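Hi everyone, thanks for making time for this. Let me put the model up on the screen, and then I'll walk you through a few parts of it.

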Amino acid sequence: MARKLPAKDVVIIGLGWTGSILGYELAKAGLDVVAIERGPWRDTATDFPPAYAQDELRYAVRLDLFLRPDQETLTFRNNAGQTALPIRSFASFLPGNGVGGAGVHWNGQTWRFLPTDFRVRSHLEERYGKDALPADMTIQDWPVSYDEIEPYYDRFEKLCGTSGKAGNLRGAKQDGGNPFEGWRSSEYPTPPLKQGLGATLFAEAARNTGHNPFPQPASNLSEAYVNPLGMKLGQCTYCGFCERFGCGNYSKASPQTCVLPALLRFPNFTAQTESEVTRINLDSTGKRATGITYVDTSGEEWEQPADIVLVCAFALFNVRLMLLSGIGKPYDAQTGQGVVGRNYAYQTTSSVNLILKDKNLNPFIATGAHGMIIDDYNGDNFDHTGLGFFGGGYMGFGQTNARPIQTRPVPAGTPKWGAQWKKATAETYQRACSLATHGSSYSYKDCCLDLDPTYKDRLGRPLMRMTFDFHDNELKMSAFLTERLADIAKAMDPAELTPAPRKGPYNMSIYQTTHNTGGTVMGADPATSVLNRYCQSWDVHNVFVPGGASVFPQNHGYNPTDTVGALAYWTADAIRDRYLRNPGPLV
Amino acid sequence: MRSSLAAAILLVAWSGAVAAQDTQNFDRIEQGRYLAVLSDCAACHTKPGGPPFAGGLALQTPFGMLVAPNITPDRETGIGNLTNAEFLAALHDGRGHHGRRLYPAMPYPAYTKMSDDDVLAIRAYLATVAPVSNSVISNQLPFPFNIRLSMAFWNALNFTAGRYQPNPQKSAEWNRGAYIVEGAAHCGTCHTPKTFLGGDKNDAALAGATLQGWYAPDITNDPRKGIGRWSRDDLVQYLKTGANSWTLASGPMADAVTHSTSAMTDEDIFAIATYLMDSGALASPSRAVPVAANDDAMRAGAAIYKDSCAACHRDTGKGEAHLFPRLADSALVQSDDPTTLVRVVLQGTRAVSTASMPTAPAMPAFDWRLGDAQAAAVLTYIRNSWGNAAAPVSPGNVASQRTSLAKAP
Amino acid sequence: MTRLTRRSLLVSTAALLVAGTTAGRARTLSGGMPWEPGTATPPALVRPGPWMFFTSDEASLIEAAVDRLIPPDDRGPGGKDAGCAVFMDRQLAGPYGRAAGLYMKPPFMPGAATQGYQMPDAPAARYRTGLKATADYVKATFSGKSFAALAPADQDKVLGGLETGSIALKDVNAEEFFELLLANTQEGFFADPIYGGNRDMAGWKLVGFPGARYDYRDWVERHNEVYPLPPVSIMGRSDWTLRE
């Protein structure tokens, strides 16, 4: 029997990026806020100091900071014809855990979506015809426009201190930036990072082949910075231990470095760690949440009543909580009816691997988000007529590390072990680099999330089941992007060039990205979305999913975090300025 | 001279406001609340997480344990029954209930300088806090230290009661600063070196002292060992926000910033700055000779520094303002007593968080990574690089501090 | 004689409320950032000593195998002298060997290649069965010899056969076992020496990886220059040691 705690104004499920932002904004507005996080407290000096943070085995290979599958995992199948089996060990995507969530160990790649991305279906149909899109492609327009979200992108980037060079300042093109980006209201908070030899060579080749390279926007800061909350961040030291690792010297934007110390100063904010929310509780009408139930490490159940419930866990787990709590109609891929679990999408990445001649690249000198990138083949920035696919992605040199357990390239055909392997490894390490494409992943009728009929978690609740495979559209897109990248790479005069376009079927056991999107889509129409344009549940008006990637109707050719952060601020404003004045459906 | 004397008298008179006897006056109570902040009563008399001023916080002294008493207005277990004269005697003369002598863990040797009016204002404020029934047995010292009468001997040697006397040759602001530093804020209680009996060495006021594993640094205006290189703005920022371009407050000073200095008025902070920046360094000793760079400890220390420290404190030792303390040219790093340096390297520390500087960055612990000789080497290196010069740190020093930290972190 | 002190240093700020134990379980945090001095969580240093997981027969097979997977040559030591077997021994004796943290609930059933490893045997169990099956195969094929007693060329033949699956092991998928063996060997060669392998940073020196360094600001734009500093481990390097 759950013991009931004193009521709060707001309960936040999960204390990662969105939980921290919402916690701060609502505590500042004077509300009584509690955040419930199922993982441990994490802090720079005790958990990832620059004395043992730089441990590839522990963090990159054994995944010490990540969610343990025995705490939560999913089952997976490529299509409905297979039996879904548990993801016993995460590989393709690596969900975070603990205070700060994946914000602790992300790469810091900070990208806005394009203005056309926000109205992708309308735009593509306008340009290519009403029948251009495949019938089973379920992409839809966002219920917000780029122009509406632009101030919130700006706000999140200022929170992070993102380093970059604007390409479009209020409509005026800027040299050195991304000429394709949506307009910005201000320059980046800090200038671009310095670039190593590999990125410089790529940029030269890209320019010489008629493309428009620019520095990747990075929340690994090029210089010390103070954000609007008064938080001080340091200068990135190019250590090459970024993704999968916490930052030891306060130079990567994270909830720890950008928000939490300021948030914890509010006497009306409390964080409760190692406590797992098991469900959102509804009243007898099913239209109002009364709070949440969580379980502590002893297995004791606690009920936390609250007036507002914010679902701020990682994207996949937001969807599962909504399904387990019975909020919104679950999606059925057979009938196409229902909404929760619908429009699951991912990211379509590929690489071009190079071995250069006579170069000393020092590839271990890197940050999570440095590099030189081109956006010429993203979104609808290029004419898709006759290509047989839609969508696109950015591409370029963004190699984040050369940690030798996982990164020691050898020429094609080299044996995997033995004397030749050793020789080739020694001779190639300094000369090899990897270029990448980072492409969109549109939504499809059959790619979805629902509850598994067989497998359960340690608390006896059904795991969520993921049904996903790459469609022809994405594979053709990947092939195209990879060829374009390979063409540019040839201009770098490599000794060896190996394109590696994404091939189907989607293999869950090979790392790609942790950009899982969709499932609690935000939209204009309750028949095809779980949330309205303010990330408020259509069904239960005091439940919000403030901006986690589960709200994306599809995934575009960029990393999700900037959009997640922007939508978190967008939702915070809607709650503070609209909902609190008049609690009820905002649309 | 006469006019500045007059100004000084006026200043003291002002600080003892006219409406002295009406304890229900809002302004009086607010005056008392602020003086309690200046005096940082809560630091000892409020147990963390406990009701304000209800006592119960144990103070570990080398002689044994003392527990700070309950100073809420509760009549049985607090100070509700004390007369005004008795309250004055507590702060001015070191006399508690029934005239019992207090131990100077209660800093009456400093509070004795406060005016009657200020002390009674504190009383007026304390009379308004919630009375809490909490019976505290303060004296938990072992025999023979628990004999309070022995304090008569100690007081005779080390204590002179008496109110602050303004210096007519100094400005009103200077005198206000002196009044606060020497009186209410009792900075010397930590920062003034002590005689072997624990009394202040008055001829070395504020020249630094060690207490329980922390070195409270020299805060005279000595340019090499004290804060003589700090600008006025550096000092003001430090007191207000806990950080300046040189360093960040941590350890016991973090508490003092949080509860006391960050809550002071700007005028009072400027006054403290005026006084401290004028505060008599000892006759300047000869400049220390730096340890040679090719000394083996320096060589090893340089390697350790490059691999372990430079990613935050930088190869140049300049650190990052408000994030990683500056080591180059730092008086703290060159302190005669390296106790704080050794402690911070072994155990790490967290900087204070204030409203304007919330970051509270933390130095991680290195006790698991560096042996005694290695920690000593890297400290010797930072104390003697970039123009710094100070005595090397010995492995034995590190070893003994490691042991004492293990016993009482 | 020491001095009289004024305050306890057992607690930090008075405003801070941290309930719960210092071990960091289910804490309620409010009022400020918590701080406990001296709470680092570095990895445990692997010390030389008796095998903790491998039997002596298994150990001699492993030591011979890692020396073929990464042979010694004029560039530097092979897997054996680099400590790969010690690394693997300690890893298998610990949480990695037990598949700690993985989802190990039934039902177990083979799946598609895209669905990842679905068998219930943790790495420790896989080594027991894999090493036994390999030893049995070698014994049966090479007139009763152990793997360590074979000539290097024959050892390579065996390893190559496992790699391609041309050798069938009893009740063990040879290709999967080989893949695991190779991966762990290479982990041991390139992981931080604190874990028992990569002795003297041999793996890092082979490729020119500077190890656990954290500051390359001055080197980002020094294109095409060799980085001059030697590698350093979490536990330091020889230059940290005082000579006298």
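Here is a question to start with: how far apart do the C-alpha centres of domain 1 of chain B and domain 2 of chain B lie? They lie 22 Å apart.

Before going on, a word on conventions. This is a predicted model, in which local features need pLDDT of at least 70, side-chain atom pairs count only at pLDDT 80 or more, and totals for chains, interfaces and linings use all residues. Residues are numbered from 1 along each chain as its sequence is written, while chains are lettered from A and ligands numbered from 1 in the order in which they are written.

Back to chain B. Its division is into domain 1 (15-158), domain 2 (172-276) and domain 3 (296-407), with bounds that come from an automatic or database domain assignment. Between the first two, 17 residues of domain 1 of chain B are in contact with 19 residues of domain 2 of chain B; contact here requires C-beta atoms, placed from the backbone, to lie within 7 Å. On the domain 1 side, α2 (26-39), α3 (42-45), α5 (108-111) and α7 (150-158) of chain B each supply at least two residues. Helices and strands are DSSP runs, numbered from the N terminus: H or I with at least four residues for a helix, E with at least two for a strand. The most comes from α2(B), with 4 residues. By class, that side of domain 1 has 13 nonpolar, 2 polar and 2 charged residues. For the classes, Ala, Val, Leu, Ile, Met, Phe, Trp, Tyr, Cys and Pro count as nonpolar, Asp, Glu, Lys and Arg as charged, and the others, Gly among them, as polar.

Chain B also has an open sheet of 3 strands, in the order β1-β2-β3, with antiparallel pairing. Pairing means that DSSP finds at least two bridges between two strands. The edge strands are β1 (58-61) and β3 (139-140) of chain B, each pairing on one side only. Strand β2 (residues 64-67) of chain B is joined to β3(B) by 2 bridges, and there B:Met65 sits opposite B:Gln140.

Now have a look at helix α14 (residues 339-347) of chain B. Is it mostly covered or mostly uncovered? Mostly covered: 8 of its 9 residues are buried. Buried means 20 or more other C-beta atoms within 10 Å of the residue's own, exposed means 12 or fewer, and partly exposed is in between, with C-beta atoms placed from the backbone. Among the buried ones are B:Arg343 and B:Gln347. The buried residues pack against β5 (214-216), β6 (349-350), β7 (362-363), α15 (372-383) and α16 (395-407) of chain B. Right after the helix comes B:Gly348, with a positive phi near 75°.

On to chain A, which has 12 helices and 24 strands. Its radius of gyration, taken over C-alpha atoms, is 23 Å, close to the 25 Å that the globule rule (2.2 Å times the number of residues to the power 0.38) gives for 587 residues, so chain A is as compact as a globular protein of that length. Of those 587 residues, 64% count as buried.

Two hairpins in chain A share a strand, β13. Strand β12 (residues 276-282) and strand β13 (residues 289-295) of chain A pair antiparallel over 6 bridges, and A:Val277 stands opposite A:Tyr294. Their hairpin has 6 residues between the strands, and A:Gly286 in the turn has a positive phi of about 75°. On β13(A)'s pairing with strand β14 (residues 301-311) of chain A, there are 5 bridges, again antiparallel, and A:Tyr294 stands opposite A:Trp302. That hairpin leaves 5 residues between the strands, with A:Gly299 in the turn at a positive phi of about 90°.

Finally, the contact between chains A and C. It takes 72 residues from chain A and 65 residues from chain C. The chain A side has 33 nonpolar, 22 polar and 17 charged residues. Strands meet here too: 2 bridges join β11(A) to strand β2 (residues 28-30) of chain C, running antiparallel, and A:Ala271 has C:Leu29 as its bridge partner.

That's my tour, and I'm happy to take questions.
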